[in-house]
Amino acid sequence: MFEGINIIDFIRRFNDNDSCYSYLMEKKWGNGFSCSYCGCTQSVKGRTWYYKRCRQCKYDESVTANTVFHGMKIPVLKAFHLAFRLAAKKKGMSTVELGHEVGVQQKNSVAF
Ligand SMILES: [Zn+2]
């Protein structure tokens, strides 16, 4: 889910819980709301700014619903960092990838 974001962008971009919720809002509802329960596309304000309440069935949906971040006992910012590190780790780390992670090309990076 963090395609094209290197670690410097990541740290700059996600520095508090709100910035993580904003990102999830964009991913989830950037193209419009659709209720997970009834499919209604009309929403009203939910219990917090990162919730949307379905106009039809009144289901109050969190932006984290149906994502790995739902129901986590840790702050979403920490969960984001864990997910980012995990995604990087899964890929394995060559020097090229490591360079990519901080946003430098192999040709202009220092010799490792
Ligand atoms: Zn609904």
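Is leucine 77 buried, exposed or partly exposed, and how many C-beta neighbours does leucine 77 have inside 10 Å? Keep that in mind, everyone, and I'll come to the reply shortly.

A word on provenance. What we have is a predicted model, where local features need pLDDT of at least 70, side-chain atom pairs count only at pLDDT 80 or more, and totals for chains, interfaces and linings use all residues. Residues are numbered from 1 along each chain, as its sequence is written.

Now, the reply. Leucine 77 counts as partly exposed, because it has 16 C-beta neighbours inside 10 Å. For the cut-offs: a residue is buried if 20 or more other C-beta atoms lie within 10 Å of its own, exposed if 12 or fewer, and partly exposed in between, with C-beta atoms placed from the backbone. Leucine 77 sits in helix 3. Its C-alpha lies 6.2 Å from that of cysteine 20, although the two are 57 residues apart in sequence. Setting aside neighbours within four places in sequence, leucine 77 is in contact with Phe14, Asp16, Asn17 and Cys20. Contact here says that the two C-beta atoms, placed from the backbone, lie within 7 Å.

Let's step back to the overall layout. The protein has four helices and three strands, and along the sequence they follow the pattern α-α-β-β-β-α-α. These elements are DSSP runs numbered from the N terminus: H or I of at least four residues for helices, E of at least two for strands. Of the 112 residues, 11% count as buried. Among contacts between residues at least 6 apart in sequence, 37% join residues at least 24 apart.

On to helix 2, residues 17-29. At 1.5 Å a residue, its 13 residues should span 18 Å, and the end C-alpha atoms are indeed 18 Å apart, so the two agree. The expected span is 1.5 Å times one less than the number of residues. Cys20, Tyr21 and Leu24 are buried in this helix. They cover an arc of only 95° around the axis, which puts them on the same side of helix 2; the arc is taken from the directions running from the helix axis to the C-beta atoms. As background, an α-helix has 3.6 residues a turn, so residues three or four places apart point the same way.

Which residues make up the largest nonpolar core? The eight are Phe14, Cys20, Tyr21, Leu24, Tyr50, Val63, Val76 and Phe80. By nonpolar core I mean a set of buried Ala, Val, Leu, Ile, Met, Phe, Trp, Tyr and Cys residues joined through C-beta atoms within 7 Å. Helix 2 and helix 3 (76-91) are the elements that give two or more residues to this core, and helix 2 gives the most, with three. Leucine 24 touches Val63, Thr64 and Thr67, leaving out residues up to four places away in sequence.

Next, the sheet. Three strands form an open sheet in the order 1-2-3, with antiparallel pairing. Strand 1 (43-45) and strand 3 (60-62) are the edge strands, each pairing on one side only. Neighbouring strands are turned by 40° against each other on average, direction ignored; the axes are lines fitted to C-alpha atoms, and angles between N-to-C directions run from 0 to 180 degrees. Strands pair if DSSP finds at least two bridges between them.

Three bridges join strand 1 to strand 2, and three join strand 2 (residues 51-54) to strand 3. Lysine 52 is a handy landmark: lysine 45 stands opposite it, and its bridge partner in strand 3 is glutamate 61. Side chains alternate along strand 2, with Lys52 and Cys54 pointing to one face and buried, while Tyr51 and Arg53 point to the other and are not.

Finally, the loops. A hairpin of five residues joins strand 1 to strand 2. Strand 2 and strand 3 also form a hairpin, again with five residues between them. Lysine 58, in that second loop, has a positive phi near 70° in a residue other than glycine. Lysine 58 is exposed, with 11 other C-beta atoms within 10 Å.

Where is asparagine 66 found? Its place is the loop between strand 3 and helix 3. Asparagine 66 has a positive phi of about 65° although it is not a glycine, and it is exposed, with 11 other C-beta atoms within 10 Å.
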